[in-house]
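Q: Could you take me slowly through the empty spaces of this model, with a close look at the second largest pocket, and then show me how the rest of the chain is laid out around such spaces?

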Amino acid sequence: MGTTTRRMTVAQAVVEYLSKQYTVDTVGGVDYSERLIPGTFGIFGHGNVAGVGQALKQYQQQDPALMPYYQGRNEQAQVHQAVGYARHTRRRQTYAISTSIGPGSSNLLTGAALATTNRLPVLLLPSDTFATRAADPVLQQLEQPYAYDITVNDAFRPLSKFFDRVNRPEQLFSAFHHGLRVLTDPAETGAVTISLPQDVQAEAFDVPAEFLAEREWRIRRPEADDEDIARAAAAIRAAKRPLIIAGGGVLYAYANEELAKFAELTGIPVGNTQAGVGVLPWDHQFSLGAIGSTGTTAANAIAAAADLVIGIGTRYEDFTTASRTAFQNPDVKFVNINVAPIDAYKHGTALPIVADARKALVKLNAALGGYRVGADLEQTVAAEKKRWNATVDEAFDTRYTPLPAQNEIIGATNRAMDARDVVICAAGSLPGDLHKMWRVRDPFGYHVEYAYSCMGYEIPGGLGVKRAAIAEAARTTAAGGSGDQVRDVVVMVGDGSYLMMHTELVTAVAERIKLIVVLIQNHGYASIGSLSESLGSQRFGTQYRALDEEQHSFDNGETLPVDLALNAESLGVKVIRIEPGGKVIAELEQAIRDAKAAPENSGPILIHVESDPLLDAPSSESWWDVPVSQVSELDSTKQAFQTYVDHKSRQRKLLG
């Protein structure tokens, strides 16, 4: 008997195929199954309107639930939404994004880099030029005289964890099979890009029924090798001042409870990366909070003396290691537990454990029965935690007028939010301040994109998280649960990032999604302004000021008459203005509570508050390596270079 087939276009086959793909997973004996691709974003142009666009419209009429379509305002922002959704679902789900050719496709590039850098899955379907070259060159086609098969989409190759181009309908089968293999692989995931030439999208062919059947993609969670566990346990037992650095891999492995057990049994303290915030509640006995350049003084004090660093699910970004100055013990060694070999082997460790974080911790807990650190380390941890908590209390409670410090705004936002709510941020001074001071109470309560630190991520990323929170609540209710209220998602964003990409507020308005945005107006790039000053560059080019034509400078002119609250109102957003003065913090807290009390289908709410960008957060007593000019005519730069040399002398290779 012949294989059953259906006559379809390539685009129709893609859409129906994606609707039948399921992620399955088992964690701690609990089974999970959910659609891998719950919907498709798309902005249409001549490259995809008659292909993927036609297919989505056809299925919308026939079966609206088969592949829901979501409208966006910017292709890059659509990727950010998918990434936010993937993060909140712990990499079990993501969206597909369809674009036209040319600028529609290249607008995805920043989003692709962000997804891959953060190890978060997203499926990109950029359209491409004619495979047949029947109309050549087409509108928006890139031509290279030395290689005529190159298109704009080849720029995705270094940014993607998987790339393919479907030049013939028959190539669809292998392209998507291998693409989704990478998408659901914890060690390899990131941006998966499958380029679809516009003529191929509309081409009809006979599609085997097997391609359109339901398929399950089980998330691989490899066990730790027993010999590796034995060697790691021996190293831990021999250590006097061990320290755990917990990254996002702990959360993706649902290992936070096992990590808490590990810390409580052994007394080993835990510092966390940006992606690892939430692995323990902020007030847990053994939680040191953030570590590294944006860390707490508690975590950094313990790190400086650590003789063994146990990295779990971290990729050791330079902020985490304070540019390799955090660990000053000359005998420091590393035990790295990671599902990705590239991270397990970092810092030259001789003790890598390539395994799922949760499964490795279960084995380590069994292997370390009876072991506990010395009482002196526990006493030091308690004292350092007390010192840092007092520092944060002071930063949150000090009142500046008429403009508050960003510290006060963070404290007010933190107090006004419920434990299950999620704070979102990405770039500027906010991520560092949030990392060291945010008091997280829930494993899902914190999402700061910091691997790529992409200005403009905040609002679309927050919208993606909110979509995931809505779906999370619906699943709980459908499964017979208590029907927990949808988590509120609060985006904290500075005016610089807001101006980069606020377009998806219109998307939230169109879908009546309640996204709470706290917009901090400080009239410039506060983070880089502070960094510039510390490097001797005197905050050059970081303030929003009118042009001084004589000096051709933007540093000293009048403040620009920009009203971002009015801008948000013009997009259909409900806006709450907090006026400068002595009641800013109390009014801000009340505004957040009022926004939280609004119905779920009320649409986005933006709270506008001004701050003083010159009031810094408490010091981490740490460092970040940003090179300073070695020669200069500026005294400020000369002084900064001497400071840089002093810090540089403490930098280590950390081969352990």
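A: A pocket, as the word is used here, is an open set of points on a 1 Å grid that has protein on both sides within 12 Å along at least five of seven lines, and a residue belongs to its lining when one of its atoms is within 4 Å of a point. The model is a predicted one, and every value below is computed from it.

With that in mind, the second largest pocket has a volume of about 610 Å³. Its lining is made up of 21 residues, and those nearest its centre are Val27, Val30, Arg92, Tyr254 and Phe444. Three elements, strand 3 (30-35), helix 10 (256-266) and helix 17 (458-478), each supply at least two residues of this lining, and helix 17 gives the most, with four residues. Sorted by class, the lining of the second largest pocket holds nine nonpolar, four polar and eight charged residues.

The largest pocket offers a useful counterpart, with about 1300 Å³ of space. It is lined by 50 residues, and Thr294, Ser527, Ser530, Leu531 and Trp624 lie nearest its centre. The elements that give two or more residues to this lining are helix 16 (429-437), helix 18 (495-500), helix 20 (526-534) and helix 23 (635-648). The largest share, six residues, comes from helix 20. By class, the lining of the largest pocket has 21 nonpolar, 22 polar and seven charged residues.

Pockets are open, whereas in a cavity the probe fits but cannot get out. The structure holds seven cavities of 30 Å³ or more, and about 640 Å³ of space lies in the largest of them. This largest cavity is lined by 46 residues, of which Gly248, Gly249, Tyr252, Ala275 and Gly313 are the closest to its centre. Two or more lining residues come from each of helix 9 (248-252), strand 16 (333-338) and strand 19 (446-448), and helix 9 gives the most, with three residues. The lining of the largest cavity divides into 19 nonpolar, 15 polar and 12 charged residues.

The second largest cavity contains about 220 Å³ of space. Among its 20 lining residues, the closest to the centre are Trp282, Gly289, Thr296, Lys436 and Trp438. Strand 14 (287-290), helix 14 (375-397) and helix 16 each supply at least two residues of that lining, which by class has 11 nonpolar, six polar and three charged residues. Helix 16 is thus met in both settings, since it gives two or more residues to the lining of the largest pocket and at least two to that of the second largest cavity.

Helix 14, one of the elements around the second largest cavity, also leads to a helix contact that can be followed in the model. Two packed helices are described by the angle between their axes and the distance between the axes. The axes of helix 14 and helix 15 (residues 406-416) come within 7 Å and cross at roughly 100°. An angle of 65 to 115 degrees counts as roughly perpendicular, and helix 14 and helix 15 are therefore roughly perpendicular to each other. Ala395, Phe396 and Asp397 of helix 14 make the contact with Asn407, Glu408, Ile410, Gly411, Asn414 and Arg415 of helix 15, and by class this contact has three nonpolar, three polar and three charged residues.

The loop between helix 14 and helix 15 contains proline 402, and the peptide bond from threonine 401 to proline 402 is cis, with omega near 0°. A further cis bond joins aspartate 136 to proline 137, again with omega near 0°, and proline 137 is found in the loop between strand 7 (122-128) and strand 8 (162-165). Most residues other than glycine have a negative phi, and most peptide bonds are trans. Glutamate 621, in the loop between strand 23 (605-610) and helix 23, has a positive phi of about 55° although it is not a glycine.

Stepping back to the whole, the chain has 23 helices and 23 strands, and its C-alpha atoms fill a box of roughly 75 × 70 × 60 Å along the principal axes. A compact globule of 656 residues would have a radius of gyration near 26 Å, and the chain, with 26 Å, agrees with this.

Methods. Residues are numbered from 1 along each chain as its sequence is written. This is a predicted model: local features need pLDDT of at least 70, side-chain atom pairs count only at pLDDT 80 or more; totals for chains, interfaces and linings use all residues. Side-chain values use heavy atoms; hydrogens and water are left out. On a 1 Å grid over the protein atoms alone, a cavity is a set of points where a 1.4 Å probe fits but cannot get out, and a pocket is an open set with protein on both sides within 12 Å along at least five of seven lines; lining residues have an atom within 4 Å of a point. Grid points are joined across faces, edges and corners, and a volume is the space filled by probe spheres set on the points. Ala, Val, Leu, Ile, Met, Phe, Trp, Tyr, Cys and Pro count as nonpolar, Asp, Glu, Lys and Arg as charged, and the others, Gly among them, as polar. Axes are lines fitted to C-alpha atoms, for helices over the stretch in contact, and angles run from 0 to 180 degrees between N-to-C directions. Angles under 35 degrees count as roughly parallel, over 145 as roughly antiparallel, 65 to 115 as roughly perpendicular and the rest as oblique. Contact means heavy atoms within 4.5 Å. The radius of gyration is taken over C-alpha atoms; the globule rule is 2.2 Å times the number of residues to the power 0.38.
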